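Work through the exercises below with the sequence and the 3D structure open beside you. Try each task by yourself before you read its solution.

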Amino acid sequence: FASKGLNSMSVIIRRYLPIVILLLFAGLSAGLLLNRPQPQQKIIEKIVPVLDVMQVQKQQLRFTVHSYGMVKPKHQAELVAQVSGIVNRVSPVFAVGQFVRKGQVLAYLDDNDYHADLAQAQATLAQAQAKLEQEIAHGIVAKKNLRHVAVAKQSALGLRIPQRKQEQANVKFAQAALARAQRNVARTSITAPFDGLITEKAVNIGTHVNVGEQLGRIFGTDVARVRLPVTPQAFSFLDTNSLNTHVILASERLGQPYQHWQADYIGTEGIIDQQSRMVYLIVDVIDPYQLQLPRSQRTEVLKFGTFVTANVAAKPIDNAIKLQRHMVRNNHVILVNSDGLTQMRKVVIARTDLDYAYISGGLDEGELVSLTWPDNHLDGTEVTPIFNTSSSAAQATLTLMHTKGTENGE
């Protein structure tokens, strides 16, 4: 009986021992899991990008169109001989670089033959006038002789009317010849047609000249003229009223500061140059050599041939905003609202130059505009705005357009 009991016990142990072992391992594993150290929780901070911004400031912006050109005289003329002859005298002022006055004699031609022609013309006129007086007297006598003849039967030939008309024509012919002879005598003196500067001289004493031969060249010193090329777009920014368009010319001399001259805006040449595709502005400088001033007061003399740069005042823009060009893409800018969220907005661009875009609409005073254009920008992105004081738009005098062109001259 005892042996049978031991066998039963052994069977029970073999049957339930694996289950007991599994339960022990399960309990041990559960204890280990419950008693394992808990991991520390980390607080994840939200990263907000930083964005440089500037505050919109509206103001009136004044623009300047830049151009360049060469100073030339408004009036110039070639001195030519109107009669032929030999130069027998030359005035000391008839030399390159000398200033002359209107009517001042520059050179003299031999006028002996022309004075002889003048005397002959005077004699011919005297003879014609004498014959006319005689014919008038004959007509009076003929009229007296025919006073008893009926008027209807009196002939014009009998009254010597045709003879008188012929003598009157001879007098007019002689008067015309006398006037021509007087002009030829006057033309033997070569005079300046206007106040000017002698730039060329082609004759000397003893030189024989023919009619139409060039003796020299003179530039008028009353007005200097400059042609300024600008693009059609830049021209559209100018005020068509010449009284409102101010022009300042400047030129740099070696070792000296810039000199400036006030010029008068005259207008344009009325066409677009076919080669350069430019519009040429015309500006004048009165008395460029300051000859109307005492010599001691002449300071900024503007010489012909000087290459000058020009600043032409353009129409201003009211309530405009000046932004750097890289801040604007496809007529859009990025704003930062009061909640720190970005927003893309379309703006109205009035003008642009190489560095800036000038906005006339689409932005309000005080709004924040991004100085950069973030990559892969999405509206509503939260950012931290940082004001950039170095990008102030306080400058009001601006460069509008750098023009390209060639000065072809006139």
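**Exercise 1.** Which residue of β7 does A107 stand opposite?

*Solution.* Keep in mind throughout that the model is a predicted one. Begin with strand β6, which covers residues 105–109 and is joined to β7 by three bridges, the two strands running antiparallel. Now look across from A107, and in β7 you find I190 standing opposite. Next, widen the view to the open sheet of four strands, whose order is β7-β6-β4-β9 and whose pairing is antiparallel. Strands β7 (189–191) and β9 (208–209) stand at the edges with a single partner strand each, so one side of each has no neighbour in the sheet.

**Exercise 2.** Find the order of the strands in the open sheet of five strands, and name its edge strands.

*Solution.* Read the sheet across to obtain the order β18-β17-β21-β1-β22, and note that the pairing here is mixed. The strands that pair on one side only are β18 (342–346) and β22 (384–387), which makes them the edge strands. Averaged over the sheet, and with direction ignored, neighbouring strands are turned by 45 degrees against each other. For one pair in detail, take strand β1 (residues 50–55), which runs parallel to β22 and is joined to it by four bridges; here V53 stands opposite F387 of β22.

**Exercise 3.** Sort the residues of strand β3 by face, covered or uncovered.

*Solution.* Strand β3 spans residues 76–80, and its covered face holds A77 and L79, whereas Q76, E78 and V80 belong to the uncovered face. Then turn to the pairing of β3 with β10, where the strands run antiparallel and five bridges join them. One residue of the uncovered face, Q76, has F219 in β10 as its bridge partner.

**Exercise 4.** Locate E367 and describe its surroundings.

*Solution.* First place E367 in the loop between β20 (356–361) and β21 (368–370). Leaving aside residues up to four places away in sequence, E367 touches M54, Q55, V56, L335 and R345. With R345, the side chain of E367 also makes a polar contact of 2.8 Å.

**Exercise 5.** Where in the protein is confidence lowest, and where is it highest?

*Solution.* Start from the whole protein, which has a mean pLDDT of 83, with 82% of its residues at 70 or more. Confidence is lowest in strand β23 (residues 397–401), with a mean of 34, and highest in strand β10 (residues 214–220), at 96. Finally, over residues 391–410 the pLDDT is below 50, although this stretch has 64 contacts in the model beyond near neighbours in sequence.

Terms used: Residues numbered from 1 in each chain as written. Predicted model: local features only at pLDDT ≥ 70, side-chain atom pairs only at ≥ 80, totals over all residues. Heavy atoms only, no water. Pairing = 2+ DSSP bridges. Polar contact = N/O pair within 3.5 Å; in protein donor to acceptor, adjacent residues only side chain to side chain. Contact = heavy atoms within 4.5 Å. pLDDT = per-residue confidence, 0-100. Axes fitted to C-alpha atoms, helices over the stretch in contact; angles between N-to-C directions. Buried < 20%, exposed > 50% of the residue type's maximum accessible area, 1.4 Å probe, protein only.
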